[in-house]
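Hi,

Here is the structure I promised to pass on. Have a look at it first, and then my notes below should be easier to follow.

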Amino acid sequence: MRIAVILLRWVMNFIYFFLKLCPTDKNKVLFLSRQSNTVTEDIDFLSRRLKELKPETKIVIITKRMDKGFASMLEYAGATIKSMYHLATASVCVLDSYWPAVSVLHHKKQLAVIQMWHAMGKIKKSGYQSLGKKFGRSGMIAHEMRMHRNYDVVIAGGRAFNPFYCASFGVEPGILYNVGLPRMDKLREGQEEAQRQFYESYPQLKGKKIVLYAPTFRKGQALDPKELVRAFRFDDGCVLIIKRHPNQLLVTDNLAPALTCPGMPTSTVLSVCDCVITDYSAITIEAALLGKPVYFYLFDYEDYLDHNGLNVKLFEEFPDCIFSDPEDLVAAIDRGGYDMDNYRRFCRKYLPDLTGRATDKIADLIIDCMERDKHDAISEHIARQNKIDGAVDSEDTVCAQSL
């Protein structure tokens, strides 16, 4: 197996050597994602802003999940070859997940690679932190395929997560750019529009208490929320909406009367919900941006620590909001009395600086990398943000006005 992986890496670099003979287009920006087969919110929001700020920018977007099955693998191979040509000719590459071609290839020196990781924080372990674990990757493949190598800058969330970004990607703290993700801006600025879209599709839910259940991805496991659905009190004018992780299947047996709102993004449901139930997901950070109370349903806590691991000590951060029994969880939601003082402390600790728009900061960085030396551009943007982070009073980094 190791020999096959090494051979694949050599073949890819052999092909890439000739592709690099093609001239670089200084106005081309390549976006890559394995999160979805469609354009993600972050990439859509950022690419549109780039075109607004620099109309001559040529945007190339390649999105392809590598699902099980020969057909999917063949499609991903095609997407990889396509990405290799654009990596050889682009000025900047932005990716929101691990894309093997970015890490294994020897790129032109002028190509700037920006890792815009899809989660707003590092609540759970990932990457090099979880190698060899059930929910992690094979250590041999990760090392031979140079996982998370060649990044010039990593877009990061709150500074409290920095040690975990470094451990996950195997990078130095000096390349972390703590500005958050573009969808932060969409969440904060687009609540009214999101609410309008939601209630236009589900007018019968207006005036009801909406509880969003959005757990994290568990590799090789389907989401089966029947215990939570059974415990939920639907006769109190409450609605439970379940949104699965894009990479996870949902067991739909015995799901009613809970809703899944197909076609409605989780971010839209987040804008209308009254509170959030999750586990180890970074949706906790998204909820904090909007001041939505978060409850943790940790029915498999010990197993998850063994199979994946956590960076954030949830029992210390949210001592009164963690439950393993769904009946106790539902009772706590019914009682209310959420500890908002503790929530504010969590926000100050884990949210990035919110005095500007993340989208504009990332777009400005990309444009700067297109127009001059990437190292100078990146170091100046990071130094400027570090100065802002040091100057902003902790009370300014609050989740939402309502808090």
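Let me start with a helix pair: helix 7 (residues 182-189) packs against helix 11 at an angle of about 40°, and their axes are 9 Å apart. Bear in mind throughout that this is a predicted model. The crossing of these two helices is right-handed. On the helix 7 side the contact is made by Arg-183, Met-184, Leu-187 and Arg-188, and on the helix 11 side by Glu-286, Leu-289 and Leu-290. Sorted by class, that contact has 4 nonpolar and 3 charged residues, with no polar ones.

Helix 11 (residues 283-290) deserves a look of its own, since 8 of its 8 residues are buried. The buried set takes in Ile-283, Thr-284, Ile-285, Glu-286, Ala-287, Ala-288, Leu-289 and Leu-290. So Glu-286, one of the residues that touch helix 7, is on the buried list too. Just after the helix comes Gly-291, with a positive phi of about 70°.

The other pair I looked at is helix 16 with helix 17 (residues 374-391). Here the packing angle is about 155° and the axes are 8 Å apart. Angles over 145 degrees count as roughly antiparallel, and therefore helix 16 and helix 17 are roughly antiparallel to each other. Helix 16 passes helix 17 in a right-handed crossing. Helix 16 brings Lys-361, Asp-364, Leu-365, Asp-368 and Cys-369 to the contact, while helix 17 brings Lys-374, Ala-377, Ile-378, His-381 and Gln-385. By class, the residues of this contact divide into 4 nonpolar, 2 polar and 4 charged.

Now the core. In soluble globular proteins, nonpolar side chains tend to be buried together. The largest nonpolar core in this model has 131 residues, and Phe-198 and Ile-366 are the ones that touch the most other members. Helix 16 (residues 358-371) supplies the largest share of this core, with 7 residues. As for Phe-198, its contacts beyond four places in sequence are Leu-205, Ile-210, Ile-241, Cys-261, Met-264, Thr-268, Val-269 and Val-272.

If you check backbone geometry before setting anything up, here are a few spots to find. Most residues other than glycine have a negative phi, and most peptide bonds are trans. Where is the cis peptide bond? It runs from Ala-256 to Pro-257, with omega near 10°. Pro-257 sits in the loop between strand 8 (238-242) and helix 10 (266-272).

Then there are two positive phi values in the loop between helix 5 (139-144) and strand 5 (153-156), a loop that holds Arg-146 and also Asn-150. Phi is near 55° for Arg-146 and about 75° for Asn-150, which is not a glycine either. Are these residues buried or exposed? Something in between: Arg-146 has 33% relative accessibility and so counts as partly exposed, and Asn-150 is partly exposed with a relative accessible area of 34%.

Finally, three loop residues and what they touch, in each case leaving out neighbours within four places in sequence:

- Ile-175 lies in the loop between helix 6 (162-169) and strand 6 (176-178). Its relative accessible area is 19%, so Ile-175 is buried, the cut-off being under 20%. Ile-175 contacts Tyr-151, Asp-152, Val-153, Val-154 and Ile-382. Ile-382 is 207 residues away along the chain, yet the C-alpha atoms of the two are separated by 7.4 Å.
- Ala-222 is in the loop between strand 7 (209-213) and helix 9 (226-231). Ala-222 is partly exposed, at a relative accessible area of 43%, and touches Gln-248, Leu-249 and Val-251. From its C-alpha atom to that of Thr-284, 62 residues apart along the chain, the separation is 21 Å.
- Lys-134 belongs to the loop between strand 4 (112-115) and helix 5. With a relative accessible area of 49%, Lys-134 is partly exposed. Its contacts are Lys-219, Gln-221 and His-307. The C-alpha atoms of Lys-134 and Met-66, 68 residues apart along the chain, are 18 Å from each other.

Cheers

Definitions and conventions:
Residues numbered from 1 in each chain as written. Predicted model: local features only at pLDDT ≥ 70, side-chain atom pairs only at ≥ 80, totals over all residues. Heavy atoms only, no water. Core = buried A, V, L, I, M, F, W, Y, C linked by side-chain atoms within 4.5 Å. Buried < 20%, exposed > 50% of the residue type's maximum accessible area, 1.4 Å probe, protein only. Helix = DSSP H or I, 4+ residues; strand = E, 2+ residues; numbered from the N terminus. Contact = heavy atoms within 4.5 Å. Axes fitted to C-alpha atoms, helices over the stretch in contact; angles between N-to-C directions. Parallel < 35°, antiparallel > 145°, perpendicular 65-115°, else oblique. Left-handed = near helix turned anticlockwise from the far one by under 90°. Nonpolar A, V, L, I, M, F, W, Y, C, P; charged D, E, K, R; others polar.
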